Amino acid sequence: MAETLTPKKTRTTSNSGEGDTSKPQPKIFLIGMMGSGKTHWASKLKNKLKVPCYELDELIEMIEERTIAESFQEDGEDYFRKEEAKLLRWFKEKKSYILSTGGGTPCFSDNMTWMNKVGVTIWIDEPVEVLAERLEKEKAHRPLIKDLGNDQLKDFLAKKLEERREYYSQATYKVSGERITESSFIKLLKEHA
């Protein structure tokens, strides 16, 4: 699949004509399905942009002192989503960062609207086949797919993507394709700044 960068919205920016040093670094939220590569790209971009990088699910596990799977099992998804939204809002106070969100984060608690207001949202959109291939080995760590057979996984992901598409499609940018590159992300973010 060809690499594509699709601006979802047009944003106007003022450019003073002075060097990039005067421009504030954006608050970047990476969204998309589980297995889309959000954590991978957040890590790569932090080195290039020289900004802190965080993974929302990892932070929740650290604060809760248990895995996401345990949180779902012990207290249910509603509890988890409330804690997720609370932690997400904490990022309003931080100056610049890249945050890799959970696959469901944009779909609850008006999180998508909030992220768009606070920063730049980028939807990493990978084909269901690619997601399924990546996730087959990780099922035990992912509460929504841990009990699915490999053949059921694709159907589940396709259905979940359809449910989430209305939220994901509100992203500032959509990045598609298996051959997404570091330079394509940097170009997109420089155009935004």
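These legends walk through several close-up views of a predicted model.

**View 1. Strand β4 sits between two neighbouring strands.** Start with β4, which covers residues 97-100. On one side of it pairs β2 (residues 27-31), in the parallel sense and over 4 bridges; look for K27, whose bridge partner in β4 is Y97. The strand β3 (residues 53-55) also runs parallel to β4, joined to it by 3 bridges. Here C53 is the residue to find, as its bridge partner in β4 is I98.

**View 2. Both faces of β4 are covered.** In a regular strand, side chains take turns between the two faces of the sheet. Here, Y97 and L99 go to one side of β4, while I98 and S100 go to the other. Are these four residues buried or exposed? Every one of them is buried, so neither face of β4 is left uncovered.

**View 3. F29 in the largest nonpolar core.** Nonpolar side chains in soluble globular proteins tend to be buried together. The largest nonpolar core in this model counts 31 residues, and F29 and L157 have the most contacts inside it. Quite a few elements chip in at least two residues each: β2, α2 (56-64), α3 (68-90), β4, α4 (111-118), α5 (128-135) and α6 (150-168). Zoom in on F29 and, setting aside neighbours within four places in sequence, you'll find it in contact with L88, Y97, L99, W114, M115, V118, G119, V120, T121 and I122.

**View 4. W41 and a second core.** There is also a separate core of 18 residues, with W41, L45, I98 and V120 among them. W41 belongs to helix α1, and its relative accessibility of 9% is why it counts as buried. Which residues does W41 touch, leaving aside those within four places in sequence? The contacts are L30, I124, I180, T181, E182 and F185. One of these, E182, is 141 residues away from W41 in sequence, yet their C-alpha atoms are 7.8 Å apart in space.

**View 5. Helices α3 and α4 pack together.** The axes of α3 and α4 lie 11 Å apart and make an angle of about 5°. Angles under 35 degrees count as roughly parallel, so that is the label for this pair. From α3, the contact uses E84, A85, L88 and R89; from α4, it uses N111, W114 and M115. Sort the residues of this contact by type and you get 4 nonpolar, 1 polar and 2 charged.

**View 6. The buried residues of α5.** Helix α5 has V128, V130, L131, A132 and L135 tucked away as buried residues. What covers them includes α6. As a reminder for reading any helix view, an α-helix has 3.6 residues a turn, so residues three or four places apart point the same way.

**View 7. Two loop residues with positive phi.** Most residues other than glycine have a negative phi. K50 is not a glycine, but its phi is positive, at about 55°. Find K50 in the loop between α1 (38-49) and β3; with 70% relative accessibility, it counts as exposed. The other residue to look at is E65, also not a glycine, with a positive phi of about 60°. Where does E65 sit? Its place is in the loop between α2 and α3, and at 71% relative accessibility E65 counts as exposed.

Definitions and conventions. Residues numbered from 1 in each chain as written. Predicted model: local features only at pLDDT ≥ 70, side-chain atom pairs only at ≥ 80, totals over all residues. Heavy atoms only, no water. Buried < 20%, exposed > 50% of the residue type's maximum accessible area, 1.4 Å probe, protein only. Pairing = 2+ DSSP bridges. Core = buried A, V, L, I, M, F, W, Y, C linked by side-chain atoms within 4.5 Å. Contact = heavy atoms within 4.5 Å. Axes fitted to C-alpha atoms, helices over the stretch in contact; angles between N-to-C directions. Parallel < 35°, antiparallel > 145°, perpendicular 65-115°, else oblique. Nonpolar A, V, L, I, M, F, W, Y, C, P; charged D, E, K, R; others polar.
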